[in-house]
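Please follow the model below from one part of its sheet, through its enclosed spaces, to its nonpolar interior.

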Amino acid sequence: MAKQTPMKKVSLFFLLILPVAGFPQIAPTLKLWYNQPAGMVWENALPIGNGRLGAMVYGNVAQETIQLNEHTVWSGGPNRNDNPAALASLPEIRKLIFEGKQKEAEKLANQTIITKTSHGQMFQPVGSLHLSFEGHETFSNYYRELDIERALTRTSYDVGGVTYTRETLASFPDRVIAMRLTASQPGRLSFAAHYASPQRQKSIAVTPARDLILSGVTSDHESVKGMVEFMGITRIKLEGGSMTSSDTSLTVTGATSATLFISMATNFNNYQDVSADEEKRAADYLNNAFSKPYPEILSGHIAAYQHYFNRVKLDLGTTPAAALPTDKRLENFRNTNDPHLVALYFQYGRYLLICSSQPGGQPANLQGIWNSRINPPWDSKYTININAEMNYWPAEKTNLAELHEPLLKMVRELSLTGQETARVMYGARGWMAHHNTDIWRITGAVDGARWGVWLAGGAWLSQHLWEHYLYNGDQAFLASVYPVLKGAALFYADFLEEHPQYQWLVVNPGNSPENAPAAHDGSALDAGTTMDNQIVFDVFSTAIQASSILKRDAAFADTLKQLRSRLAPMHIGQHHQLQEWLDDVDDPNDHHRHISHLYGLFPSNQISAYATPALFAASRNTLLQRGDVSTGWSMGWKVNWWAKLQDGNHAFQLIQNQLTPLGVNPGGGGTYNNLFDAHPPFQIDGNFGCTSGIAEMLMQSSDGAMHLLPALPDVWPAGSVTGLRARGGFEILEMQWKDARLVKLVVKSTLGGNLRLRVPTEIQKNKGARLHVAAGKNPNLFYRMEEIPAPVISPKAKVELLELKKSHQYDLPTKKGRIYTLVGKG
């Protein structure tokens, strides 16, 4: 098999990105590209998607594979998985935990709280479309790419003096996958197409009209009958040549070009209803798209995609390292200066969210919308003790707020299914969910007590509704989700229990997700874990604020204030750390991937550099003790934490660790050649987490102000960004920095109100007018900071407060719709 890098393309690319002294030059195009096919490795294939359909394009020459997903192809059907035995056992479980008998409590919880039915259903593949090109086993000038500025893949190679090109996209407006095949000489394109699928109940056929059909029903799983009926249709449009068919395949001979249209649909309407006609749906999408010429499909797709993607641009500079194929850049990243790879990875996270999460569709799951396995890791469902939330951290701040909608809709649906779980299992009002859910919106406890007896999944998810409001200020939206916020608070109002020793109100049983201290005999169950306390504090606080804004339920808000005042405060332990548990049992040699008690640092804002400096310093100690290298998604979270700690160099070190080929980090994760995050295996949350972290290094808006360049590493001395969004409806239209100094800032205010800026160097208005130095609390209510109770500090702790980098704070009154330009001073 002959392989040859397209040297002409590489040389031109190299010339375009040679660095010029001073400000960063225009970045090279945002492409993942390679000089070899994916082979048989799924993680080498390139992802495309439109929020409903997903595909992995391998770019293989003689035997091409396009692996196919549809967002509602899940095993099982409508079901519930509550364990009604929980309620009767709850007093005994609580008693055992308060007595320090966590292991006994865990054993009982496994019997009475963990579900005895479904532990969640599986996101499954439809199958794959295979294309066979006879005589293409030997080729030259091979090249493939994923262009994330246009959301399409391209493969090209030469055989027998003919250049063959393939272009593949998942059209946003037309709801189909389209693949354009061309030959540089007339009549030289010939291939055969057939389907394959790992689904057990399936049928593959060719219709008299020569449509290639793949239909079937998803799997039964854990006593739940498979009820999702799916259909995939491939239809080919030729330019020249002819087409013949067998019972299960199509063969094209002597064409100049061909366009393949792939449509997929299911009978899924919602988590309660699977009565739709999948055949009609798939045919309607296909017929609509097939009537259009490919250039029209392409232009409509690019326009729809760029409506989202083009909102944000990031330039961190370029170096000659960017001239190499993506897999080589990944291999070299730890040992070379390649800032453009960080910008590419940042934008790749945005690309993946656009492709896997569209309004009206399902939320991005553990693998986004891409999965080839009939039994995927962790069922590729929604793990809501971190992973599903992390998927959506970039949504608001990187200007993709509309793409938050699928998750927000799921939260609304869980607030309905979770009411029965709260009532049946815990005798409480309101709603709740444990640590996992799926397309059927289950809310029962799964897997085992160590993981499943965590009652805050719904509560954490509810905070995404509040975050969406903080960015857009839409009171109509807030009113529509207020019952969800209130219901999450109502559950805790009923469920909290007074700790017999400390008299604080605590969650019992609870846990600190997936971790267990040796002092508790390896049991994860406990009362009043730090993360539980922090989440309850947020749930009460957002319900109180929403009540005030909407002027309703004043008495309920007063009740929540009283309950909130009795919550356990955060603790600083004997190892100078933020305690994970109520008792000081943390092990400084524990390097567990979950550091859940730092929820209060990020994504919450309870731990502040300015308002809670002791907790801020203790959080840093905790991070140092846990270490850097971990699973891919954990390193993504750590980028955000180190950004919040205003340590840009350490945050960048985590980016280096994450952007490392799998197998290099001893005992940790990294990144696959197609830049998918490696837990391992693939989990998409690490991609989204790192994109969020890079944004947090450049701008934060959670600590009382819009903080610019809060964690700029030394390796990014100059750069620019456009399009980042901040709380209170502010959008950065342009931000430039040079020599780590802010040079220019252009901000649009979409809501009006005070803009408090925290910046590393002095700035002024565009024409030299001075800005007002900020004083007191920010009057903008979108930047309200709750007063955090003083921590309980161990007498053995030695907490050294951190010396923060100097910053300047200004207040700028703004009006709705106005644009403000500020420049560096001096």
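In this predicted model, strand β28, at residues 706-708, runs parallel to strand β33, at residues 753-759, and the two are joined by two bridges. Within this pairing, histidine 707 stands opposite arginine 758 of β33. The pair belongs to an open sheet of five strands with mixed pairing, whose order is β27-β28-β33-β37-β35. Because β27 (699-700) and β35 (772-773) stand at the edges and each has a single partner strand, one side of each is left without a neighbour in the sheet.

From the sheet we can turn to the enclosed spaces, of which eight cavities reach 30 Å³ or more. The largest cavity holds about 590 Å³ of space, and its lining is made up of 37 residues, with Leu470, Pro603, Ser604, Asn605 and Arg727 lying nearest its centre. Which elements supply at least two residues each to the lining of the largest cavity? They are α9 (393-397), α12 (457-472), α14 (530-550) and the strand β27, and it is α12 that gives the most, with seven residues. In chemical terms, the lining of the largest cavity divides into 15 nonpolar, 13 polar and nine charged residues.

The second largest cavity has a volume of about 90 Å³. Its lining includes Asn533, Gln534 and Phe537, together with Arg564, Leu567, Ala568, Pro569 and Met570, and it is completed by Gln606, Ile788 and Pro789. Helix α14, which also supplies at least two residues to the lining of the largest cavity, gives the most to the lining of the second largest cavity, with three residues. By class, the lining of this second largest cavity has seven nonpolar residues, three polar residues and one charged residue.

The remaining step leads to the nonpolar interior. In soluble globular proteins, nonpolar side chains tend to be buried together. Here the largest nonpolar core has 232 residues, and the members that touch the most other members are Tyr492, Ile655 and Met706. When residues up to four places away in sequence are not counted, isoleucine 655 touches Phe333, Val342, Val639, Cys690, Ile694, Met697 and Trp716. A second core, separate from the largest, has 16 residues, among them Leu152, Ile213, Ala265 and Leu286.

Methods. Residues numbered from 1 in each chain as written. Predicted model: local features only at pLDDT ≥ 70, side-chain atom pairs only at ≥ 80, totals over all residues. Heavy atoms only, no water. Pairing = 2+ DSSP bridges. Helix = DSSP H or I, 4+ residues; strand = E, 2+ residues; numbered from the N terminus. 1 Å grid on protein atoms, 1.4 Å probe; cavity = no way out; pocket = protein on both sides within 12 Å on 5 of 7 lines; lining within 4 Å. Points joined across faces, edges and corners; volume = space filled by probe spheres on them. Nonpolar A, V, L, I, M, F, W, Y, C, P; charged D, E, K, R; others polar. Core = buried A, V, L, I, M, F, W, Y, C linked by side-chain atoms within 4.5 Å. Buried < 20%, exposed > 50% of the residue type's maximum accessible area, 1.4 Å probe, protein only. Contact = heavy atoms within 4.5 Å.
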